[in-house]
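Reader: I am new to this structure and would like to be guided through it. May I put some questions in turn?

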Amino acid sequence: MTMLIEPKIRGFICTTAHPTGCAENVREQIEYAKQHAHVHGPKKVLIIGASTGYGLASRIAAAFGSHAATIGVFFEKGASAKRTASAGWYNTAAFEEAARNANIYAKSINGDAFSQEIKNQTIELIKNDWQGGVDLVIYSLASPRRTESKTGTVYNSTLKPIGQAYTNHTVNVMTGEVFDITLDPATEEDIHHTEKVMGGEDWFDWMQCLSEHGLLAQGVKTLAYSYIGPELTFPIYRDGTIGAAKKHLYKTVNQIDTLLHSINGKALISVNKALVTQASSAIPVVPLYISILYKVMKNKNLHEGCIEQIARLFVEKMFSPAGIQTDDQEFIRLDDWEMRDDIQSEVSKLWASVNTQNLETLTDIQGYRHEFQKLFGFDIAAVNYAQEVDPVVHIPSIPEEVFS
Ligand code: NAI
């Protein structure tokens with residue numbers, strides 16, 4: 001059955017997605033990766049959180065930059081009689097089709113990555129399909145909650161400051177209203193829950209599972225993504241509940257390094273640039289910061305999206321002939337351009353004067369809106385939205401009967 005599909009935006013989520021638009025988005029990223037992500041890099045890559053944002057870009061860069069076989073794990077929804085599939089579902093369908101056409105192995109597992117069941121499914125698939133084990137594991141989950149598999153306890157992550165309330169500007173992206181928001185400080189429970197969801201525990205569990213089953217190749221690398229950002233967002237990001245979870249992630253690096261010692265493996269953190277994704281649009285204050293950042297970085301020709309960031313990660317920071325490039329804390333810094341003094345001093349100036357009246361001129365709010373809609377396959381010039389499409393799209397490697 002075909003239908004017209006329009007964006008239905010509620011706050012910071014869009015409840016519909018467009019299959020042709022998502023496929024176009026993936027196609028553009030594949031084209032970029034073919035041109036710019038060439039490395040003698042990994043050959044068998046497991047990506048956890050592979051369907052949107054940084055994880056999807058990582059999968060595309062691995063497959064089309066270094067011709068790697070990929071297994072992608074994610075939590076998405078197929079279409080039903082009443083609703084479209086989620087964007088990550090359509091993205092994956094388009095990715096797998098392109099990979100197959102290019103003779104590149106690509107299989108996907110849809111379900112809760114925190115669960116033992118999904119870990120077991122992934123292990124079975126790797127055992128059956130990949131000899132010699134995985135040589136790169138990318139952990140790119142962004143989730144609001146986790147059900148701990150051992151205990152069944154549900155943890156909810158929050159985006160709150162720690163210690164004291166925080167007031168700053170924020171924007172309603174769709175109406176363009178700029179206003180001050182005050183966020184109450186987190187409780188101890190909020191902090192603990194956010195660490196449980198977005199910290200490193202589940203990353204470690206994945207690596208331990210893979211290691212126990214002997215599925216990690218000699219010299220395996222594993223990578224998780226983080227963000228630091230400028231002082232103006234410290235209370236809500238670096239020093240807030242999500243920052244506490246990221247600190248937990250950093251500590252996990254040592255634990256994983258110990259686990260991988262005998263096979264000469266290495267865990268790494270890449271600190272990435274702030275970008276419009278489903279996860280970042282949920283953080284108060286950050287969308288206004290991103291709108292200003294985009295304006296400044298585009299003016300200086302330094303703007304990058306997910307695929308540009310990950311191509312640079314692969315080519316210059318991870319698989320360059322000079323070896324892995326890190327700072328003195330052993331972080332890979334893909335936020336190096338974002339954090340440049342000239343960029344941040346302009347952002348600060350604009351931040352001090354932005355309001356509802358000057359939002360359209362001082363910031364790249366239009367670019368933000370465009371990127372936000374594009375995440376769901378909308379507002380893309382190459383797509384004819386007046387044409388009806390079939391919302392039911394099959395992901396080649398996922399058995400239809402399980403999710404219909
Ligand atoms: P995103 O929302 O685009 O992607 C999240 C991915 O996780 C999707 O593939 C989704 O299906 C998957 N997922 C969520 N819950 C799941 C579950 N229970 N089981 C299996 N899969 C699940 O997020 P984004 O922004 O790409 O974030 C990925 C990582 O990058 C996060 O660690 C985030 O903190 C980090 N990061 C993001 C930045 C940004 O500005 N967006 C900046 C720097 C780091």
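The questions and answers below concern this predicted model.

Reader: Which residues come nearest to the ligand?

Author: The ligand has 30 residues around it. By class, this shell has 14 nonpolar, twelve polar and four charged residues. Helix α2 (53–66) and strand β11 (216–226) each supply at least two residues of the shell. Those that come nearest to the ligand are S51, A113, K246, L275 and T277.

Reader: How much of the ligand does the protein bury?

Author: Polar atoms of the protein lie beside oxygen atoms of the ligand: a side-chain N or O atom of T52 is 2.9 Å from one, and a polar side-chain atom of E76 is 2.9 Å from one. F75 contributes through its backbone, with an N or O atom 3.2 Å from a ligand oxygen. Taken alone, the ligand exposes 840 Å², and the share of this that the protein buries is 93%.

Reader: Is S291 buried or exposed?

Author: S291 is placed in helix α8 (residues 286–299). Its side chain reaches the backbone oxygen of P287 at 2.8 Å. Leaving aside neighbours within four places in sequence, S291 is in contact with T363, D364, I365 and Y368. Buried means under 20% relative accessible area, and because S291 has 0% relative accessibility, it counts as buried.

Reader: What covers the buried residues of helix α5?

Author: Helix α5 spans residues 188–198, and its buried residues are D190, I191, H193, T194, K196, V197 and M198. An α-helix has 3.6 residues a turn, so residues three or four places apart point the same way. What covers the buried residues of α5 includes β7 (145–147), β8 (154–156), α6 (201–212) and α7 (241–260).

Reader: Where is N103 found, and what is its phi?

Author: N103 is found in the loop between α3 (87–101) and β5 (106–110). It counts as exposed because its relative accessibility is 70%. Its phi is positive, in a residue other than glycine, and lies near 65 degrees.

Reader: What is the phi of N264?

Author: N264 lies in the loop between α7 and β12 (266–271). At 58% relative accessibility, N264 counts as exposed. Its phi is a positive value in a residue other than glycine, near 60 degrees.

Reader: How many aromatic pairs does the structure hold, and what is the pair of Y105 and W130?

Author: The structure holds nine aromatic pairs. The rings of Y105 and W130 have centres 5.6 Å apart and planes at 55 degrees, so this pair is tilted. It links distant parts of the chain, 25 residues apart: Y105 sits in the loop between α3 and β5, and W130 in the loop between α4 (116–129) and β6 (134–139). In short, the number of pairs is nine, and the pair of Y105 and W130 is tilted.

Reader: Which of Y105 and W130 is buried, and which is partly exposed?

Author: With a relative accessible area of 23%, Y105 is partly exposed. The value for W130 is 4%, and buried means under 20%. The buried residue is therefore W130.

Reader: What is the pair formed by the rings of F314 and F319?

Author: F314 counts as buried at 0% relative accessibility, and F319 also counts as buried, at 19%. The ring centres of F314 and F319 are 5.4 Å apart. Planes over 60 degrees apart count as edge-to-face; those of F314 and F319 are at 85 degrees, so the pair is edge-to-face.

Note on methods: Residues numbered from 1 in each chain as written. Predicted model: local features only at pLDDT ≥ 70, side-chain atom pairs only at ≥ 80, totals over all residues. Heavy atoms only, no water. Near = heavy atom within 4 Å. Polar contact = N/O pair within 3.5 Å; in protein donor to acceptor, adjacent residues only side chain to side chain. Areas by Shrake-Rupley, 256 points an atom, 1.4 Å probe, with all protein chains shown as cover. Helix = DSSP H or I, 4+ residues; strand = E, 2+ residues; numbered from the N terminus. Nonpolar A, V, L, I, M, F, W, Y, C, P; charged D, E, K, R; others polar. Buried < 20%, exposed > 50% of the residue type's maximum accessible area, 1.4 Å probe, protein only. Contact = heavy atoms within 4.5 Å. Phe/Tyr/Trp six-rings, centres within 6.5 Å; stacked < 30°, edge-to-face > 60°.
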